[in-house]
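User: Hello! I am in my first year and still learning to read protein models, so could you walk me through one part of this one slowly?

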Amino acid sequence: MNRSRTNRKPTEQESGSALPGGIITGVLAVLMLALDVSLVRSGMLPAKFLAPVVILLLLAVALLGFLTHRTGNRRRFVAGTIISVLVAAVMVYGLVALARVTSTLNNITTVNTEVSYVGAYVLTDDEAETLNDLETETFGILAELDRTSTDGAIEQLNRSLDTEITTVEYDGLTDLVDALYSQECRVILLNSAYLDVIAEIEGYEDIEDQIREVTGLSVEAEAEEEYVETELSDTVFTMYISGVDSRNGLVAKSRSDVNILATVNTETHQVLLVSTPRDYYVPLSISNGVKDKLTHAGIYGISVCVDTMEMLYETEIDYYFRVSFEGLEDIVDALGGVNVYSEYAFTSNSGNYTFVEGYNYVDGNKALCFARERYAFPTGDRQWGKNQMALIQAIIDKAISPDILVKYSSILTAVEDNFETTLPYDLIAGLVNNQLSTGADWDIITYSVNGSDGNSSTYSLSKPNYVMIPDEETVATAKELMQAVLNGEVISQPEE
């Protein structure tokens, strides 16, 4: 006898379509996989955080897959769909944020070119308006100084005018400018970075009011990278920090007004900052022993700055980090301001800001005035360097705090156009990973070398001008401190 089968009514979980839920789960799974891969490739998230994140994402996708499995239970499906959209949005945000971080770091760590801006200058009241008005004139040029930039500018002029311009050489900067002033030649070719140098000499302070640029030429050259590449396992490295105040942007060759060596030991979590006054009277790496102001090294390129600092301190510099003064202002604003310590109470000449002895909360503009002030102190440039190191310390203290997480977007915007470094991406990611993993406090030690006032001719200027004669005892102390940090010794703040 055949018994008829009873028709069972499908449950709510079994009823409805499984396709929408499958699509939602699939999208979430793809986003989860992409986010996991991006986190691993970034190298910034420590393993102890990465594993829980991956597990949490897996559980979230599994739970949402269960909630949206079928459309039969409408309430559960709708709730699961809404939560899935929110989770997907979070993962997309994470992917975009990671892409932004890695892209910015790759951009600032890819150093390709340096640019010299060479102008064709005439007297202010000269009638020449365009380059064509000068093509038959004899152009005054420097005989030896910065010939790479000059020769590059001449090539561009020849192509532009479809002719070969006539030139006459002068031995020094003031000789060249004097030839223009006396109308010995009607037009001169000059790297614009030299204008600030000439203005340092008595009698030439108003040079920018006396001359006028008819045309400007950008001479590009590949940035030289002759630095030691440390392994990611290395725990110590030395970096040159250069601060530039260029009218033509960060990549322009210009005077380096901030010259700081940072010796970093990631095992002892110590950073030694050694500041060298901008007017320090030292041989440049290209001057064959002739001394010049340290700040002038930047006119000949960042590699000359690095090599000159290596010569001065008899140490190997692994990387450099270059920042514009405007960049400091932007980064401080992006961080929401910082607390900087001042050794003295003073009022800045620019901005007319008042600083108290002790900690001062500063925004970007006030921080910039603090870092640029020179004339309010009896020790001038030396205190200037100390204030710059104090601001760097304040920025580091704020940057390793949790506040950086909610301000990352504005910080990246500030970094993109104002910073340049040869620190490789992997090393930066490793430092971030280490900081997130340990949460360690960093001990920042500062030291400034000293010197005495002098007046002498330099490699860049044949006429006597102010220089600072190095105090060799303080230079020797700086060398000892650097070596101690490199050796893993824990040092304390030295007395100055």
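Please take a close look at the salt bridges, and then place them in the wider picture.

Analyst: Happy to help! Please keep in mind that this is a predicted model. Let us begin with the whole chain and then zoom in.

The protein chain has 15 helices and 19 strands. Its C-alpha trace spans about 125 × 60 × 45 Å along the principal axes. The radius of gyration is 30 Å, whereas a compact globule of 496 residues would have one near 23 Å. Of the 496 residues, 50% are buried.

Now for the part you asked about. A search of the whole structure finds 13 salt bridges. In one of them, the side chains of Asp126 and Arg186 meet, with 2.9 Å from N to O. These partners come from distant parts of the chain: Asp126 sits in the loop between β1 and β2, Arg186 sits in the loop between α5 and β4, and their positions lie 60 residues apart in the numbering. How accessible is Asp126, buried or exposed? Its relative accessibility is 12%, so Asp126 counts as buried, because the cut-off for buried is under 20%. Arg186 has a relative accessible area of 22%, so it is partly exposed.

Those two loops hold other residues worth a glance. Glu129 also lies in the loop between β1 (113–123) and β2 (138–142), and with a relative accessible area of 55% it is exposed. In the loop between α5 (173–181) and β4 (187–191) you will find Gln183. Its phi is near 65 degrees, a positive value in a residue other than glycine. Gln183 is partly exposed, with a relative accessible area of 43%.

Next comes a second salt bridge, between the side chains of Arg255 and Asp196, at 3.9 Å from N to O. Once more, distant parts of the chain are linked: Arg255 belongs to the loop between β6 (236–244) and β7, Asp196 belongs to helix α6 (residues 194–198), and the two are 59 residues apart. Arg255 counts as buried, at 16% relative accessibility. Asp196, at 25%, counts as partly exposed.

Arg278 and Asp257 make another salt bridge, with their closest N and O atoms 3.2 Å apart. Arg278 lies in the loop between β8 and β9 (281–283) and Asp257 lies in strand β7, so this pair ties together parts that are 21 residues apart in sequence. Both Arg278 and Asp257 are buried. Which residues are joined into one network by salt bridges that share partners? They are Asp196, Glu200, Arg255, Asp257, Arg278, Asp279 and Lys293. If you colour these residues in your viewer, you can trace the network by eye.

Strands β7 and β8 deserve one more look. His269 lies in the loop between β7 (256–265) and β8 (270–275). Although it is not a glycine, His269 has a positive phi of about 55 degrees. His269 is buried, with a relative accessible area of 13%.

Charged side chains can also meet aromatic rings. Arg76 lies over the face of Phe66, at 5.1 Å from the ring centre. In a similar arrangement, the charged end of Lys366 sits over the ring of Phe355, 5.2 Å from its centre. Phe355 also belongs to an aromatic cluster, together with Tyr344, Phe346, Phe370 and Phe377. Both Phe346 and Phe355 are buried.

To round off the picture, here is a part of the surface without charges. Leu19, Ile23 and Val27 form a nonpolar patch there, with about 290 Å² of accessible area together. Ile23 lies in helix α1 (residues 19–42), and Gly22 lies in α1 as well. Gly22 is partly exposed, with a relative accessible area of 42%. Its C-alpha atom is separated by 8.6 Å from that of Arg70, although the two residues are 48 apart along the chain.

Let us return to the salt bridges for a short recap. The Asp126–Arg186 salt bridge links one loop to another, the Arg255–Asp196 salt bridge links a loop to helix α6, and the Arg278–Asp257 salt bridge ties a loop to strand β7. Arg255, Asp196, Arg278 and Asp257 are among the members of the one network.

Key:
Residues numbered from 1 in each chain as written. Predicted model: local features only at pLDDT ≥ 70, side-chain atom pairs only at ≥ 80, totals over all residues. Heavy atoms only, no water. Buried < 20%, exposed > 50% of the residue type's maximum accessible area, 1.4 Å probe, protein only. Phe/Tyr/Trp six-rings, centres within 6.5 Å; stacked < 30°, edge-to-face > 60°. Lys NZ or Arg CZ within 6 Å of the ring centre and 35° of its normal. Patch = residues over 30% accessible without salt bridge, like charges linked within 9 Å, V, L, I, M, F, W, Y side chains within 5 Å. Areas by Shrake-Rupley, 256 points an atom, 1.4 Å probe, with all protein chains shown as cover. Salt bridge = Lys/Arg side-chain N within 4 Å of Asp/Glu carboxyl O. Helix = DSSP H or I, 4+ residues; strand = E, 2+ residues; numbered from the N terminus. Rg over C-alpha atoms; globule rule 2.2 N^0.38 Å.
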